[in-house]
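Work through these short exercises with the structure open beside you. Try each task before reading its solution.

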Amino acid sequence: MTADQLQKGIDRLEQRIADLDAFDLNTLKSGTSPELQALERSIEDTLERYFGVNTTAADRYKAAQELHYHQMVWVSGMPEPNYKAHTKTNIEAAKALLGQAINALKADLEDLGPSLLAPATKASSSAGSSRVFLVHGHNEAVRETVARFLEKLGLQVIILHEQANSGRTIIEKIEHNSDVGMAVVLLTPDDVGCKAGGQVEPRVRQNVLLELGYFIGALGRDKVCALRSGKVEIPTDFAGVVWTEMSGEWKTALARELKQAGYAIDWNKVMS
């Protein structure tokens, strides 16, 4: 890997440790929870990205993604295991393994020589940021609803057209304002289209898709939250990636994603 890739790997592993520190054991039910499962997948994705699959290094750190308690044998009448205590132990072990993985990447980085050491990336400089980039289409009502909710949580919402141009092109404005901890992307049916000879269907605006791809590459997939409002076609390349429907408990779901990304969330404000 290049120096930039090694540094990004170090930054993301450090974020996974921060995610483990922030995990709320009270969310556990019968040994697991959606939040714990998401954290396991996030750790697995990060380790695979920088250590591969079925490699010696991957096998060395694989246990870091196994956080929930595995009940080997249970007999009727046995007391329920102390899931919180077991999970806490697993979390501490995972943090130690991730620390070893970070040291391995740092050693590789040092081997490249001081002249090749990479400066801190935008992703690392945005750690702990209160800034959130809001990508939107033409649905102003949805944009304002989400923006006001984020502001209620005490976050600074970056909306592109509200930022000064300063002689920049659109893509230059996006790059200039991308020092954020997370991007929230609104998928709304603002356009229509189809393949040649097909039936026209509602689609997301092209600028929204461009910015979605930009932030996935710039911040990482785990730092991008897509909110879908209404019936809209999901791009094939985005199939299989989780998005949140703007219905029901969408505010709680978005708050969980923000917390997972490292933001401090006041749950009283979420519920109010």
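**Exercise 1. One lysine in a loop**

Task: Decide whether Lys231 is buried or exposed, then describe its surroundings.

Solution:
- Start with the accessibility. This is a predicted model, and in it Lys231 has a relative accessibility of 71%. The cut-off for exposed is over 50%. Lys231 therefore counts as exposed.
- Next, place the residue. Lys231 sits in the loop that links strand S6 (224-228) to strand S7 (244-245).
- Now look for contacts. Set aside the neighbours within four places in sequence; Lys231 then touches Pro189 and Pro202.
- Finally, compare sequence with space. Lys231 and Arg203 lie 28 residues apart in sequence. Their C-alpha atoms are 8.6 Å apart.

**Exercise 2. Helices H2 and H4**

Task: Find how H2 is oriented relative to H4, and list the residues where they meet.

Solution:
- Take the geometry. Helix H2 covers residues 34-51 and helix H4 covers residues 83-111. They pack at about 20°, with axes 12 Å apart.
- Classify the angle. Angles under 35 degrees count as roughly parallel, so H2 is roughly parallel to H4.
- Add the handedness. H2 passes H4 in a left-handed crossing.
- Name the residues. H2 contributes Leu36, Ile43, Leu47 and Phe51. H4 contributes Thr87, Leu98, Ala101 and Leu105.
- Sort them by class. The contact of H2 with H4 has seven nonpolar residues, one polar and no charged.

**Exercise 3. Helices H6 and H9**

Task: Repeat the analysis for H6 and H9.

Solution:
- Take the geometry. H6 spans residues 140-152, and H9 spans residues 250-260. The packing angle is about 55°, and the axes are 12 Å apart.
- Classify the angle. Roughly parallel needs an angle under 35 degrees, and roughly perpendicular starts at 65. H6 and H9 are therefore oblique to each other.
- Add the handedness. The crossing of H6 past H9 is right-handed.
- Name the residues. On H6 they are Thr145, Val146, Phe149 and Leu150. On H9 they are Trp250, Lys251, Leu254 and Leu258.
- Sort them by class. The contact of H6 with H9 holds six nonpolar residues, one polar and one charged.

**Exercise 4. The whole chain**

Task: Summarise the protein chain through its elements, burial, contacts and surface.

Solution:
- List the elements. The chain has 10 helices and seven strands.
- Check burial. Of the 272 residues, 41% are buried.
- Check the contacts. Consider those between residues at least 6 apart in sequence: 69% join residues at least 24 apart.
- End with the surface. The chain exposes about 14700 Å², and carbon and sulfur atoms supply 51% of that area.

Conventions:
Residues numbered from 1 in each chain as written. Predicted model: local features only at pLDDT ≥ 70, side-chain atom pairs only at ≥ 80, totals over all residues. Heavy atoms only, no water. Axes fitted to C-alpha atoms, helices over the stretch in contact; angles between N-to-C directions. Helix = DSSP H or I, 4+ residues; strand = E, 2+ residues; numbered from the N terminus. Parallel < 35°, antiparallel > 145°, perpendicular 65-115°, else oblique. Left-handed = near helix turned anticlockwise from the far one by under 90°. Contact = heavy atoms within 4.5 Å. Nonpolar A, V, L, I, M, F, W, Y, C, P; charged D, E, K, R; others polar. Buried < 20%, exposed > 50% of the residue type's maximum accessible area, 1.4 Å probe, protein only. Areas by Shrake-Rupley, 256 points an atom, 1.4 Å probe, with all protein chains shown as cover.
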